Amino acid sequence: MNLTLILFIVLAAVAVASAAGLLISRNTVYAALFLVLNFATVAVFYLLLGAPFIALAQVTIYAGAIMVLFLFVIMLLGSEKLPKGQVLLWQRPVAIVLAALLLGEGGFLLFQRLRMTANLANPEASVNTTEALRTLGMTLFNQYLLPFEVTSVLLLVAMVGVIVLTKKEKGESG
Amino acid sequence: MVQTIPLSWYLAISMVLFAMGTLGVLIRRNPLIIFMSIELMLNAANLAFVAFARSFDVLTGQIFVFFVMTVSAAEVAVGLALIIIIFRNKHSIDVDLMNSLKG
């Protein structure tokens with residue numbers, strides 16, 4: 001047992017527990033905060049994997065921007081607690097069985113196929129250095145320049161689309 | 001001295017998170033929570049991407065994760081706008097009530 005292993009196990013426990021909290025919490029705000037915790041732990045996983053840029057992007061984009069948007073909408077709609085409507089009785093057991101099936105299938109594939117390549121390549125070379133970040137930036141802006149620009153168009157389209165969607169029609173009340 | 005964690009452990013975590021996200025989409029009826037579960041699944045996929053990128057020592061996985069993050073930001077903006085419109089029309093956002101295409 002060394003430090004990395006302990007850190008990994010603690011992080012894994014926190015990630016799974018916060019995901020479970022997201023699933024079972026009755027209050028939408030608590031669910032959103034559990035998801036923020038989950039995003040933060042995944043960001044630390046990225047740091048462990050030697051991807052500092054992705055880790056910081058995770059914190060700023062996911063835990064920052066997206067979750068603030070979520071909380072904003074939750075507060076705007078006032079839907080912290082939803083009234084319980086009629087529940088489909090068979091829905092929950094069937095969903096649990098299906099999710100367990102997915103998990104079992106994935107686990108089967110993981111332990112069947114990946115037993116051979118189950119180790120990470122060269123541990124401490126070429127990660128967590130400014131040189132690695134420089135390489136990432138050069139790759140992003142040379143080899144993947146066109147997808148990067150297309151991304152900006154996508155964000156613009158999303159922004160315009162949201163404004164058009166939520167704009168009230170002329171003469172519409174409410 | 002840093003011991004590396006095997007790739008399969010990261011994949012196992014990613015798989016568990018993805019399955020929990022699926023469960024969330026299936027059992028919850030609040031569209032906001034369903035959206036959050038979808039984000040959880042995207043995150044699990046991103047974790048697998050980064051783990052594989054590290055395993056094969058290529059940067060492409062990290063760049064793809066960056067693109068996935070951007071696309072999911074756009075998706076969340078549009079989805080939340082749709083939820084707001086539905087709330088404005090029906091004064092409730094329970095997905096069980098969304099059973100008609102018009103009005």
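Student: What is the phi of Gly50(A), just after H2(A)?

Tutor: Gly50(A) takes a positive phi of about 75 degrees. This is a predicted model, in which local features need pLDDT of at least 70 and side-chain atom pairs count only at pLDDT 80 or more, while totals for chains, interfaces and linings use all residues. Residues are numbered from 1 along each chain as its sequence is written, and chains are lettered from A and ligands numbered from 1 in the order in which they are written.

Student: How do you know where H2(A) starts and ends, and what is its span?

Tutor: Helices are DSSP runs of H or I with at least four residues, strands are runs of E with at least two, and both are numbered from the N terminus. H2(A) has 21 residues and reaches 30 Å from its first C-alpha to its last. The expected span is 1.5 Å times one less than the number of residues, and for H2(A) this gives 30 Å, to which the value found is close.

Student: What makes up chain A as a whole?

Tutor: Chain A has 6 helices and 0 strands, and the order from the N terminus is α-α-α-α-α-α.

Student: Why is Leu37(A) called buried, partly exposed or exposed?

Tutor: Leu37(A), found in helix H2 of chain A, has 17 C-beta neighbours inside 10 Å. A residue is buried if 20 or more other C-beta atoms lie within 10 Å of its own, exposed if 12 or fewer, and partly exposed in between, with C-beta atoms placed from the backbone. Leu37(A) therefore counts as partly exposed. In chain A, buried residues make up 20% of the 174 residues.

Student: What does Leu37(A) touch, not counting residues up to four places away in sequence?

Tutor: Leu37(A) touches Val14(A) and Ser18(A), where contact means that the C-beta atoms of two residues, placed from the backbone, lie within 7 Å.

Student: Why is the packing of H2(A) and H3(A) called roughly parallel or roughly antiparallel?

Tutor: The two helices pack at an angle of about 175 degrees, with their axes 8 Å apart. Axes are lines fitted to C-alpha atoms, for helices over the stretch in contact, and angles run from 0 to 180 degrees between N-to-C directions. Angles under 35 degrees count as roughly parallel, over 145 as roughly antiparallel, 65 to 115 as roughly perpendicular and the rest as oblique. H2(A) is therefore roughly antiparallel to H3(A). Among the residues making this contact are Ala32(A), Val36(A) and Tyr46(A) of H2(A) and Tyr62(A), Met67(A) and Phe70(A) of H3(A).

Student: How do you know the class of the residues in that contact?

Tutor: Ala, Val, Leu, Ile, Met, Phe, Trp, Tyr, Cys and Pro count as nonpolar, Asp, Glu, Lys and Arg as charged, and the others, Gly among them, as polar. The contact of H2(A) with H3(A) divides into 20 nonpolar, 2 polar and no charged.

Student: What makes H3(A) and H3(B) parallel, antiparallel or oblique?

Tutor: Their angle is about 5 degrees, and their axes are 11 Å apart. The helices are therefore roughly parallel to each other. The contact includes Ile61(A) and Leu69(A) of H3(A) and Phe66(B) and Leu80(B) of H3(B). By class, the contact of H3(A) with H3(B) has 20 nonpolar, 1 polar and no charged residues.

Student: Which residues of H3(B) are buried, and what covers them?

Tutor: The buried residues of H3(B) include Gly61(B), Phe66(B), Met69(B) and Ile83(B). What covers the buried residues of H3(B) includes helix H3 (52-77), helix H5 (130-142) and helix H6 (145-166) of chain A together with helix H2 (31-56) of chain B.

Student: How many residues does each chain give to the contact between chains?

Tutor: Chain B gives 60 residues and chain A gives 73. H3(B) supplies the largest share of the chain B side, 21 residues.

Student: What makes up the largest nonpolar core?

Tutor: A nonpolar core is a set of buried Ala, Val, Leu, Ile, Met, Phe, Trp, Tyr and Cys residues joined through C-beta atoms within 7 Å. The largest has 60 residues, and Tyr46(A) and Met36(B) are among those with the most contacts inside it. The largest share of this core, 13 residues, comes from H2(B). Leaving aside neighbours within four places in sequence, Met36(B) is in contact with residues including Leu22(A), Leu35(A) and Phe70(A).

Student: Why is Asp57(B) called buried, partly exposed or exposed?

Tutor: Asp57(B) lies in the loop between H2 and H3 of chain B. Asp57(B) has 13 other C-beta atoms within 10 Å, so it is partly exposed. Although not a glycine, Asp57(B) has a positive phi of about 60 degrees.
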